[in-house]
Amino acid sequence: RPNHLSKALMLLKGGSAYIFFKHHPKSRLRLPNGHLWSAGGCATTVGYNEFATVQNYIANQIIHHAQV
């Protein structure tokens, strides 16, 4: 992973964890080692799909996954 992507992921995970724990301080006790995020990261894309197709998939995930 290029360095700028690693930095972006670090800032995203660190910032979101900070905000989450600021609003939910007791939740740290229920998480493994008190960490919100696991080490590392994963980035995926939706490829060349139309925006409406992706938007429809996200809106209907519960229905889609309930059928499996």
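pLDDT is the predictor's confidence in each residue, on a scale from 0 to 100. You'll want that first, since what you have open is a predicted model, where local features need pLDDT of at least 70, side-chain atom pairs count only at pLDDT 80 or more, and totals for chains, interfaces and linings use all residues. Residues are numbered from 1 along each chain as its sequence is written, and side-chain values use heavy atoms, with hydrogens and water left out.

Start by colouring by confidence. The protein's average pLDDT is 82, and 91% of the residues reach at least 70. Of its elements, helix 1 has the highest mean, 89, and helix 3 (residues 61-66) the lowest, 78. Helices here are DSSP runs of H or I with at least four residues (strands: E, at least two), numbered from the N terminus.

Next, select residues 3-23, which is helix 1. The end C-alpha atoms of helix 1 are 30 Å apart, which agrees with the 30 Å expected for 21 residues at 1.5 Å a residue; the expected span is 1.5 Å times one less than the number of residues.

Which residues of helix 1 are buried? Pick Lys13, Ala17 and Phe21. They sit on the same side of helix 1, because they cover an arc of only 55° around the axis, taking the directions from the helix axis to the C-beta atoms. Buried means under 20% relative accessible area, exposed means over 50%, and partly exposed is in between (1.4 Å probe, protein chains only). Now spin to the face turned away from that buried side: the exposed residues there are His4, Leu11, Leu12, Tyr18, Lys22 and His23.

Stay on helix 1 and click glycine 15, which is partly exposed because its relative accessibility is 30%. From glycine 15 to alanine 59, 44 residues on in sequence, the C-alpha distance is 26 Å.

Phenylalanine 20 is your next stop, partly exposed at 31%. Add Leu36 and Trp37 to Phe20 and you have a nonpolar surface patch with about 260 Å² of accessible area together.

Now go to serine 38, in the loop between helix 1 and helix 2 (51-59). Serine 38 is exposed, with 57% relative accessible area. Draw a C-alpha distance from serine 38 to lysine 13: the two are 25 residues apart along the chain and separated by 9.4 Å.

Finish at histidine 64 in helix 3. Is histidine 64 buried or partly exposed? Its relative accessibility is 39%, so histidine 64 counts as partly exposed. The C-alpha atoms of histidine 64 and asparagine 33 are separated by 33 Å, with their positions 31 residues apart along the chain.

Note on methods
Patch = residues over 30% accessible without salt bridge, like charges linked within 9 Å, V, L, I, M, F, W, Y side chains within 5 Å. Areas by Shrake-Rupley, 256 points an atom, 1.4 Å probe, with all protein chains shown as cover. Salt bridge = Lys/Arg side-chain N within 4 Å of Asp/Glu carboxyl O.
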